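Please open the model in your viewer with the chains coloured separately and the secondary structure drawn as a cartoon. The stops below say what to select next and what can be found there.

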Amino acid sequence: MNTTIRRLSIFCLLMFLVLMANITWIQGIQAPTIKEDPLNRRQYAEQASAPRGPILVGGENVAYSENIADEGDPARYQRVYEGGDMYTPIVGSFRNYGASGIEAVENDLLNGSDDRLAVRNFRDMITGREPEGAQVQLTLVPEVQEAGYTAFENLGGRNGAAVALDPDTGAILGAISYPSYDPNTVVDINNPQDSTNAYVELENDERKPLLNRALNERYPPGSTFKVVTAAAAIENLDAGPDSTQEAPDQLQFPSGPPLPNAMGSCNGGQPDTLAHSIQISCNTSFANWAMELGGEALSEQATAFGFNPEEPMAVPLSVVDSYAPVESDQSILGRAGIGQSNVEATPLQMAMVAAGIANDGDVMRPYVVESVRDSDLSVITQTSPDTYSEAVSARTADMLTDMMVLVTTPPEGSGLNAAIPGIEVAGKTGTAENGTDRTHNWFIGFAPADDPQVAVAVVVEFGGGSGNELAAPVARALMEAVVL
Amino acid sequence: MSDTSTPEAPTALPPVKRRNAELVLIVVAVVITMLGIAIAGLNLSGRVPAATWTVGLTFGALAVAAHAAMRFVAPYADPLILPCALFLNGIGVAMIWRLNAVESENIESAGVGMQLVWTALGLIFCFLIIIFLKDPRILQRYTYISALIALVLLALPALPVIGHEVYGARLWIKIGPITFQPSEFAKIALVIFLASYLMSKRQVLQIVGKPLKVGRFTLIELPRARDLAPILVGWLVAIGMLVVLRDLGTSLLLFGTFLAMLYVATQRSSWVTLGLVLFGAGATVAYFLFWHVRARVNIWINAFDQEVYEAVGGSQQLVQGIVGMAYGGLFGTGLGGGRPTDIFAADSDFILASIGEELGVTGLLAVLMVLFLLVERGMRVALASTGTFNKLLASGMAFVLVYQTFIVLGGVSRVIPLTGSTTPFMSAGGTALLTSWIMMGILLRISDNARRPAPQAIQDEGATQVIRR
């Protein structure tokens, strides 16, 4: 039996060797990689009380580090956030155990460890200056952000999101996600336990205040998607504002329930023009347009506006993909033409649709970081506008603009609440079914129609009203903050 | 370290006792423990904490008392076993003090909880066994009683009222304020049962049945179908543990120990193959049937996946343990210099990760070497002892130590799925420490018996001289 005991002890040796090899691998070789993993929450804990560069909106700090140590003690920096809840979805928070928003995405620049700051760090080391992180200037406009956030606060507890873009550049002028939270409650370095508890409470809040609905939530876009369908019809079928399409009061599909119109009749049951269908948001004619276009043409047009991206977009915050897949089943395709069935979009995506039309058909790549500057204000990075895609021709964009202006034109326009006196507003409402009895309410648009300065998309989650009733006033507030 | 590996066949010359070497090594272990506490205190608060003396010297007194007792009750026992065990116990105490020190308001008021009390109790049990279990072979009488005790101990936590669930695992029983983990003691009962059962049945189990051939080559020689009962029962118990008690760790430990001892007893690798195939099949079926098994495997494979990390009961603990080890690097942050308290169960299941972080891969390897040394001394006791039962008992206990270490550290470092198990001598917690020391008691007793020179017949005196070195 001694033979087997010897073999067993050799087996024991092997088990120890496996363990020893493995811990050597982890601690000796893999350690640097593991430390860089985003799941390494310690990197934040170490940095929580270290100085960081500020984040600026419109020249004012919205996030900065303040030394709270008593005089003579080693410095301890507390991150302070100005502006309350409204900037949080973009700015994020830098906590003991993690970070979100710009605080996470631009962490290396803010804490000064980015390679692009190496020269300055070296210089600071030699001159004995306290090294500082870079400052990040955002494209957000305080007035826009505030107007949007206040508008949501006045919606009686409804959640939602809104995005305002500069159509010429793609700069994000406003990105609102409601509800939000005050980051100061989760970053207190003197009471880390309270901060952690507060964050856990937010994580468990069923209203999801941690979710950035503007970039990271998809909703069926409903009728706002009709401008994409219209764009595809003009580009592919040589349609114009006066081209007509059958518009019965109820459309019978090969399978599934029939599709009604929201307002009953579009043109008394007669064929309806494209322009009128946009103006009053006719369902049946657009379902017919989609079926005439075919699944590929519709999906391709959506892709040109930014749907179905090959790789996820980053602004540099990551954005979830929006979908408008190729449909082969006519019943599903018809509903896709009015932004239902499998079509899902983020508010940012729908703002890109509006901005693309506003910018003569060119969709600009959206971005939220204007520039990053060193502590001595020399520019490290400056975002220059970049064309994402040429979604439609300038001529098509003009036609779509004219049709969208009808939406805010009385008496028949379906989005009159977005009209701004003295300024032409192009828009499109949406009331999206979502399987519950409370619809999502949308509005997309831009103003002024002849020289667009701002393009917006607003969604009111489970608003249960219409796009005109709930989303259009928010859109108007956002646009007014820019154009008035 | 010096090794006293004289040939230890029963007929060899009486071995040197080397109790003085043991004393020196024990003093080294105690000094390391005290230094550990002192360094942790220096790193945490800038001065040497009083615990260096209160905790350190209490532990030292226990260690020296144990050594003194050895001189009287087991003078011929292997001189390395006690120092190795005390070293591990001491490192554990130092680490537990260091972890408590961070979490208590005042570093001077930090203690080591009940760990020293359990150490004392463990040593008392160890020596009670050495003193009263004159010949471990009497345990053979209790073959099926041991089996019954093992099963009852395993099943106790499943009972209502006294069964106690901690963090989703139902492994504890609670009577009044006292909780303990009966599956720890079950290991001892199981090894005793297997040793006596296999001793009486090994001849039968050695019989070769049909060879399974492919062409002219024999793949495996299968045992006879009628001898399959014991392995099937062992297998059922292991799978039952996995499914009913959701305790993958104990399941692995019991079945692995069973296979190892079966192999030692029968010299038949076909039993091991058969067992592994059975266990693999059972585990695969369990994987598809039970979500908690799937969750374990998912956490193991996709530990660094954001979603798995953030899920309730996800891979957070595992990832933070590995991150801690990564921060330890080659030489560690020094005791008190790291952040092992970020890891859940840093003082029990993850104590080796805590050591990896603060003492580096160097320190962790050193601790593993001492554990390995202890295990190999246990194997040596098995080799040197007389009688099938003693050999099986000693090698079984040594195997439990190494296998348990493999399950816990392998889980922590992602060699195998993390299952939660205690680290011999080091984890905070009484039952585990008691169990480890009871096993040491049995090993030391067997060792002392094996190495003690046979009593000389009176008339031989002067005729044949035993030559001493």
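How many bridges join strand β1 of chain A to β6(A), and do these strands run parallel or antiparallel? Bear in mind throughout that this is a predicted model. Select residues 55-57 of chain A, which make up β1, and follow the 3 bridges to β6(A), with which β1 runs parallel; along this pairing A:Leu56 stands opposite A:Gln137.

Keep β6(A) in view, residues 135-138, and add residues 369-373 of chain A, which form β14 and pair with β6(A) in the antiparallel sense over 4 bridges. Here A:Val136 has A:Val372 as its bridge partner in β14(A). Showing the side chains of β6(A), you will find A:Gln135 and A:Gln137 pointing one way and A:Val136 and A:Leu138 the other, with all of them buried. In a regular strand, side chains alternate between the two faces of the sheet.

Next, stay in chain A and display the open sheet of 5 strands, whose order is β8-β7-β19-β18-β17 and whose pairing is antiparallel. Its edges are β8 (172-178) and β17 (426-432), each of which pairs on one side only, and from one strand to the next the twist averages 5°. Zooming in on β17(A), you can trace 7 bridges to the antiparallel strand β18, residues 440-447 of chain A, where A:Ile444 stands opposite A:Lys428. Then add residues 467-483 of chain A, helix α17, which packs on the sheet and touches β7, β8, β17, β18 and β19, its direction making about 30° with that of β18(A).

Move now to chain B and select B:Trp97, B:Leu393, B:Trp437 and B:Met440, the residues with the most contacts inside the largest nonpolar core, which has 148 residues. The largest share of this core, 17 residues, comes from helix α13 of chain B, residues 351-384. A second, separate core of 129 residues includes A:Ala99, A:Ala147, A:Met352 and A:Phe446. Returning to B:Trp97 and leaving aside residues up to four places away in sequence, its contacts include B:Ile37, B:Pro49, B:Val55 and B:Ile107.

Finally, turn to the second largest pocket, which holds about 690 Å³ of space. Among its 28 lining residues, B:Leu252, B:Gly256, B:Leu276, B:Phe279 and B:Tyr403 are the closest to its centre. Helix α1 of chain A supplies at least two residues of the lining, as do each of α8, α9, α10 and α14 of chain B, and the largest share, 7 residues, comes from α8(B).

Terms used:
Residues numbered from 1 in each chain as written. Chains lettered and ligands numbered in written order. Predicted model: local features only at pLDDT ≥ 70, side-chain atom pairs only at ≥ 80, totals over all residues. Heavy atoms only, no water. Core = buried A, V, L, I, M, F, W, Y, C linked by side-chain atoms within 4.5 Å. Buried < 20%, exposed > 50% of the residue type's maximum accessible area, 1.4 Å probe, protein only. Contact = heavy atoms within 4.5 Å. Pairing = 2+ DSSP bridges. Axes fitted to C-alpha atoms, helices over the stretch in contact; angles between N-to-C directions. 1 Å grid on protein atoms, 1.4 Å probe; cavity = no way out; pocket = protein on both sides within 12 Å on 5 of 7 lines; lining within 4 Å. Points joined across faces, edges and corners; volume = space filled by probe spheres on them.
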